[in-house]
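Open the model in your viewer and keep the selection tool ready. We will go stop by stop.

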Amino acid sequence: INNELQDTLKSLEQSLGAGKRFVDIGSGMGLTTMVISQQYPETEIVSVEPASPNWILQQLNLRCNLDKPAMSKIKVVLAGVGPNTDDEDNMMAKLMWRPSSTTSTRSWTPAEEFGSHDIELLVRLRRLRSILAEADVSITNNGSSPNMVDVLNLDCQGCEYNLIPALSDEEFDAIPNVMGYVHWGYMPESKLPSS
């Protein structure tokens, strides 16, 4: 764990622990999930990964490194977060998966960046609300679900451009901690967000 991650973990002491939920969007091989589980063993974790090869590696990684009680607090979901609507919540997208860099599955890699060993995956996209409902977690407290998100970690290589705007103000305000990365990456300047 590098110093930056140690500082981040320390800043989350009040937000993680017994009765708290950490949602990891773009969880890759599960390294952040594993660190949260080890540092805050009572935290319930929802780990969401769109690339099936990474999802399999994550399952192996977690099962080889965590005991049964720790595993019982983690739900690993194979899904990508997309710009879906209430009418269409089962969209598909092509993502690039690079076996030599299994932490970076992207939907926005230009064709000229594809290497001879890169693989194009077909991934099911779903709304964050639907993915969390599958894991028995709610974004907002609708009176029937006390299982709210306490920390939302976004490391999804660009899905944040769809995920954040798709949340209502009420949903976004109900998440006390949103952390992660904004991935400018190889996005052409003409397609960068204006704000």
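Start in the loop between α5 and β7, and select M148. (Helices are DSSP runs of H or I, at least four residues; strands are runs of E, at least two; both are numbered from the N terminus.) Is M148 buried or exposed? M148 counts as buried, because its relative accessibility is 17% and buried means under 20% relative accessible area; exposed means over 50%, and partly exposed lies in between (1.4 Å probe, protein chains only). Now add I175, 27 residues away along the chain from M148. Their C-alpha atoms are 7.9 Å apart.

A word on the model. It is predicted: local features need pLDDT of at least 70 and side-chain atom pairs count only at pLDDT 80 or more, while totals for chains, interfaces and linings use all residues. Residues are numbered from 1 along each chain as its sequence is written, and side-chain values use heavy atoms, with hydrogens and water left out.

Next, the largest nonpolar core. Select I25, V46, L128, L132, L152 and L163, the residues with the most contacts inside this core of 21. (A nonpolar core is a set of buried Ala, Val, Leu, Ile, Met, Phe, Trp, Tyr and Cys residues joined through side-chain atoms within 4.5 Å.) Colour β1 (21-25), β2 (44-49), α5 (128-134) and β7 (151-154): each gives the core at least two residues. The largest share, three residues, is from α5.

Zoom in on L163. Leaving out residues up to four places away in sequence, L163 touches I25, V81, L128, L152 and L154; contact means heavy atoms within 4.5 Å.

Apart from that core lies another, of 16 residues. Select L16, I36, L62 and M71, which are among them.

I36 leads to helix α2, residues 31-39. Its buried residues are T33, M34, V35, I36 and S37. What covers them? Show α1 (3-11), β1, β2, α3, α4 (68-71) and β3 (74-78), which are included in the cover.

Move to helix α3, residues 52-65, and pick L57. L57 is partly exposed, at 34% relative accessible area. Add I56 and L60: with L57 they make a nonpolar surface patch of about 260 Å² accessible area together. (Areas come from the Shrake-Rupley method with a 1.4 Å probe; for residues, only the protein chains shown count as cover.)

Finally, zoom out. The chain has seven helices and eight strands. Of its 195 residues, 45% count as buried.

Terms used:
Patch = residues over 30% accessible without salt bridge, like charges linked within 9 Å, V, L, I, M, F, W, Y side chains within 5 Å. Salt bridge = Lys/Arg side-chain N within 4 Å of Asp/Glu carboxyl O.
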